[in-house]
Amino acid sequence: PPMDSMKRMFDPETIALIGASEKEGSLGGIIIENLLACRERKIFPVNPNRKTIRDRICYASIAEVPVHIDLAIVATAAKTVPSIVEECGQAGVDGLIIISEGFREAGEEGRKLEEEIVRIRKKYGMRILGPNCLGIIRPNAGFCATHLSGVPDPGKIALLTQSNAFGKSLFDWGVNAHIGFSMLASLGSAIDIDFGDLIDYLGNDPHTRSIMIYMEDSIGDVKKFASTARGFA
């Protein structure tokens, strides 16, 4: 069931970072640093141009990773993402966080790429957060799948946002003010996982007492949002 995939995705045993890098300050470099700084999970860097990254074997593609992957984080150029999503589907990955930008927000060509990803996702039934998102952090679970720097204190407030700019400001403020969070999640384009899904997930999270939402444009499925919000309350 979709909820089980989200559970595995947000508390993964195994993570593949597609677009992993050792380049200082690069997207793939910052994300792997964040992943390694948090709780010990099995992390598999994927990048066809490298043999090792951070002393770990680096795989040319997701197909070569020798274990089942709960979560794949994608940080590669937009035009490469549909074929990566296809490969993840074939490999039976439970969920993807697509950090990459250059989709609907970048114009017509980006919108087409996004539609392609939606089509592939439906074929395999995996869950996707993003694209063009900041990722997700769950401080209580020691899980940090993002390219933001610094880890917020664990706490009981979940912060869900659509906007990357606003999400980043709130994140920085939270880290500096030592506000405790149970989850920080950014939806980006929200081609699959929306506010309703995340509220539903947080309803079963013992760490979350309240949810802060910063909503900009489309809410997604309004009925689902209303019923999950009522359920959580």
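**Reading aromatic pairs and cores**

Mentor: At 31% relative accessibility, F166 counts as partly exposed, because that class runs between buried (under 20% relative accessible area) and exposed (over 50%), using a 1.4 Å probe and protein chains only. This is a predicted model: local features need pLDDT of at least 70, side-chain atom pairs need pLDDT 80 or more, and totals for chains, interfaces and linings use all residues. Residues are numbered from 1 along each chain as its sequence is written, and side-chain values use heavy atoms, without hydrogens and water.

Trainee: How many aromatic pairs does the structure hold?

Mentor: Rings of Phe, Tyr and Trp (its six-membered ring) pair if their centres lie within 6.5 Å; planes under 30 degrees apart are stacked, over 60 edge-to-face, the rest tilted. The structure holds four such pairs. One of them, F10 with Y201, is edge-to-face, at 5.0 Å centre to centre and 85 degrees between the planes. Both residues, F10 and Y201, are buried.

Trainee: Why is the pair of F166 and Y214 stacked?

Mentor: The ring centres of F166 and Y214 are 3.7 Å apart and the planes meet at 25 degrees, so the pair is stacked. Y214 is partly exposed, at 27% relative accessible area.

Trainee: Which residues touch the most other members of the largest nonpolar core?

Mentor: A nonpolar core is a set of buried Ala, Val, Leu, Ile, Met, Phe, Trp, Tyr and Cys residues joined through side-chain atoms within 4.5 Å. The largest has 35 residues, and F10, I73, I97, I136, M183 and L198 touch the most other members. A second, separate core of 25 residues includes A16, V46, V74 and L96.
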